[in-house]
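The following paragraphs lead through the strands and helices of one model. Please keep the sequence and the structure in view while reading.

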Amino acid sequence: PKMVFSPRPLSSIRVSDLNFKLGINFSPNKIISTHFSTEPPQEEEQAAKEPESPVLVEKMEGLHIMTIGINRPDKRNCVNTETAEHLKMAFHEFETDENMYCAVLHGLGGNFCAGYDLEELSELEEDLANKIAEILMDQGPMGPTKMQISKPVIAAVNGFCVAGGLELAIMCDLRVVEDNCKLGFLNRRFGVPLIDGGTVRLPELIGLSKAMDLILTG
């Protein structure tokens, strides 16, 4: 007689086999998905990453060079209060380290610095005047621009170097600038003054006439 093979009834399949084939844990009341992986499970504490510092400092001991990098690439390296404080501390460390002879200031992510972070100021609608006065009396918005540094500092400039970022660059003793770099005091187009030494340093570097062109028109 002709034999007919029918599918194996579900009730005759062992629950453990069914769970393995479907990738689930089966129970009469609930179904829980299971993910198969050869990697050991990671705890949430290990997966969570600590936020990076807004300023990265690296010391090349053999060359006696310290690199100071502004690390806010998503903001085009705009400087806020925290970043300004970190920059000030980095330059103070450079000044006091007898093994460091030269510093290189640069920006990470394709831009040198696009000035001060205006988003931070926009969040201080009620206390804005006091905040600006506090910054001016302390160190200036950009951090190290009013420090007296006795050792040479080089600015490695690329991308946007505008407003307070340009004041950081002209604070340095030398500037190495890419051909496609954007330079200017764009804040002057909106009536925002230069308060980090730009009006004093720029005429000394390029002459009064050219400096006035930038300072007055941006």
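A suitable place to begin is T67, whose bridge partner in strand β5 is V104. Helices and strands are named here as DSSP runs numbered from the N terminus, with helices being H or I runs of at least four residues and strands E runs of at least two. The model is a predicted one, in which local features need pLDDT of at least 70, side-chain atom pairs count only at pLDDT 80 or more, and totals for chains, interfaces and linings use all residues. Residues are numbered from 1 along each chain as its sequence is written, and side-chain values use heavy atoms, with hydrogens and water left out.

Strand β4 (residues 65-70) and strand β5 (residues 102-107) run parallel and are joined over six bridges; two strands count as paired if DSSP finds at least two bridges between them. In general, the strands of a sheet pair through backbone hydrogen bonds, in either a parallel or an antiparallel manner. β5 also pairs in the parallel sense with strand β6 (residues 153-157), over four bridges, and here A103 stands opposite V153 of β6.

On another side of the picture, β3 and β4 pair in the antiparallel sense over six bridges, with V55 opposite I70 in β4. These two strands form a hairpin with four residues between them, and H64 in the turn has a positive phi of about 60°.

Together, five strands make up an open sheet of mixed pairing, in the order β3-β4-β5-β6-β8. Its edge strands, each pairing on one side only, are β3 (55-60) and β8 (174-177). Neighbouring strands are turned against each other by 20° on average, direction ignored. Helix α3 packs on this sheet and touches β3, β4, β5 and β6, its direction making about 175° with that of β4. Contact means heavy atoms within 4.5 Å, while axes are lines fitted to C-alpha atoms, for helices over the stretch in contact, with angles running from 0 to 180 degrees between N-to-C directions.

The same helix, α3 (residues 81-96), joins β4 and β5 in a right-handed β-α-β unit. A crossover is right-handed if, with the strands pointing away from the viewer, the path from the first strand over the helix to the second runs clockwise.

Attention now turns to the helix pairs. The axes of helix α7 (residues 198-206) and helix α8 (residues 208-217) come within 7 Å and cross at roughly 135°. The two are therefore oblique to each other, a term for angles outside the other classes: under 35 degrees is roughly parallel, over 145 roughly antiparallel, and 65 to 115 roughly perpendicular. The contact is formed by T199, L202, P203 and I206 of α7 together with L208, K210, A211, L214 and I215 of α8.

Helix α6 (residues 164-171) also meets α7: their axes come within 10 Å and cross at roughly 55°, which makes α6 oblique to α7. In this contact, E167, I170 and M171 of α6 face G198, R201, L202 and L205 of α7.
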